[in-house]
Amino acid sequence: MTFLPLLLMFAVLYFIMIRPQMKRQKEHRNMLAAMAKGDEVITGGGLVGKVSKVGEAYVGVEIAEGVEITVQKASVTTILPKGTIKSL
């Protein structure tokens, strides 16, 4: 009986904090795996650009015509719908 409150607290912690975080990580991994050349992305630093090349760990992002930077693949936070950059 003394372990019941401890087990209950762990169960609540798992369903409120751990499980949703694991779901977000899985969605982010799937998004990065599906990233392809030509996708428009936002990086963790707030840069918006178009993917010019995709490697295993790094991605080339064209932030302006003729200006390309290399960022870590994990720093890409969002893939935008096509044509978003032109509307900005």
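**Figure 1. Arg-24 is partly exposed, with a relative accessible area of 49%.** Welcome to this predicted model, which we enter through helix H1, the home of Arg-24. The 49% value falls between the two cut-offs, since buried means under 20% and exposed means over 50%, and Arg-24 therefore counts as partly exposed. Look next for Ala-74: along the chain, 50 residues separate Arg-24 from Ala-74. In space, their C-alpha atoms are 13 Å apart.

**Figure 2. The largest nonpolar core brings together 9 residues.** If you would like to find them one by one, look for Met-31, Leu-32, Met-35, Val-41, Val-51, Val-59, Val-61, Val-71 and Val-76. Helix H1, spanning 4-34, gives at least two residues to this core, and strand S3, spanning 58-64, also gives at least two. As background, nonpolar side chains tend to be buried together in soluble globular proteins. Val-61 is a good member to pause at: leaving aside residues up to four places away in sequence, Val-61 touches Val-41, Gly-49, Lys-50, Ser-52, Val-67, Glu-68, Ile-69 and Val-71. Two of these partners, Val-41 and Val-71, are also listed in the core.

**Figure 3. Ser-52 sits in strand S2, which covers residues 48-54.** Is Ser-52 buried or exposed? Its relative accessibility is 17%, and because buried means under 20%, Ser-52 counts as buried. The side chain of Ser-52 reaches the side chain of Glu-68 in a polar contact of 3.2 Å. Beyond residues up to four places away in sequence, Ser-52 touches Lys-37, Gly-60, Val-61, Glu-62 and Glu-68. Glu-68 thus appears both as the polar partner and among the residues touched.

**Figure 4. The largest pocket has a volume of about 180 Å³.** Which elements give two or more residues to its lining? They are S2, S3 and helix H2, the last of these spanning 84-87. To trace the lining yourself, follow Glu-40, Val-48, Gly-49, Lys-50, Glu-62, Ile-63, Ala-64, Glu-65, Ile-85 and Lys-86. Sorted by class, the lining holds 5 charged, 4 nonpolar and 1 polar residues.

**Figure 5. Gly-46 is found in the loop between strand S1 (40-43) and S2.** Here the relative accessible area is 48%, which makes Gly-46 partly exposed. Val-76, a member of the largest nonpolar core, is a useful landmark for this view. Gly-46 and Val-76 lie 30 residues apart in sequence, with 9.4 Å between their C-alpha atoms.

**Figure 6. Gln-72 belongs to strand S4, made up of residues 67-72.** With 48% relative accessibility, Gln-72 counts as partly exposed. Setting aside residues up to four places away in sequence, Gln-72 touches Ala-57 and Tyr-58. How far apart are the C-alpha atoms of Gln-72 and Ile-18? They are separated by 25 Å, and the two residues are 54 residues apart along the chain.

Terms used: Residues are numbered from 1 along each chain as its sequence is written. This is a predicted model: local features need pLDDT of at least 70, side-chain atom pairs count only at pLDDT 80 or more; totals for chains, interfaces and linings use all residues. Side-chain values use heavy atoms; hydrogens and water are left out. Helices (H or I, at least four residues) and strands (E, at least two) are DSSP runs, numbered from the N terminus. Buried means under 20% relative accessible area, exposed over 50%, partly exposed in between (1.4 Å probe, protein chains only). A polar contact is a pair of N or O atoms within 3.5 Å; within protein, one must be able to donate a hydrogen and the other to accept it, and residues adjacent in sequence count only if both atoms are side-chain atoms. Contact means heavy atoms within 4.5 Å. A nonpolar core is a set of buried Ala, Val, Leu, Ile, Met, Phe, Trp, Tyr and Cys residues joined through side-chain atoms within 4.5 Å. On a 1 Å grid over the protein atoms alone, a cavity is a set of points where a 1.4 Å probe fits but cannot get out, and a pocket is an open set with protein on both sides within 12 Å along at least five of seven lines; lining residues have an atom within 4 Å of a point. Grid points are joined across faces, edges and corners, and a volume is the space filled by probe spheres set on the points. Ala, Val, Leu, Ile, Met, Phe, Trp, Tyr, Cys and Pro count as nonpolar, Asp, Glu, Lys and Arg as charged, and the others, Gly among them, as polar.
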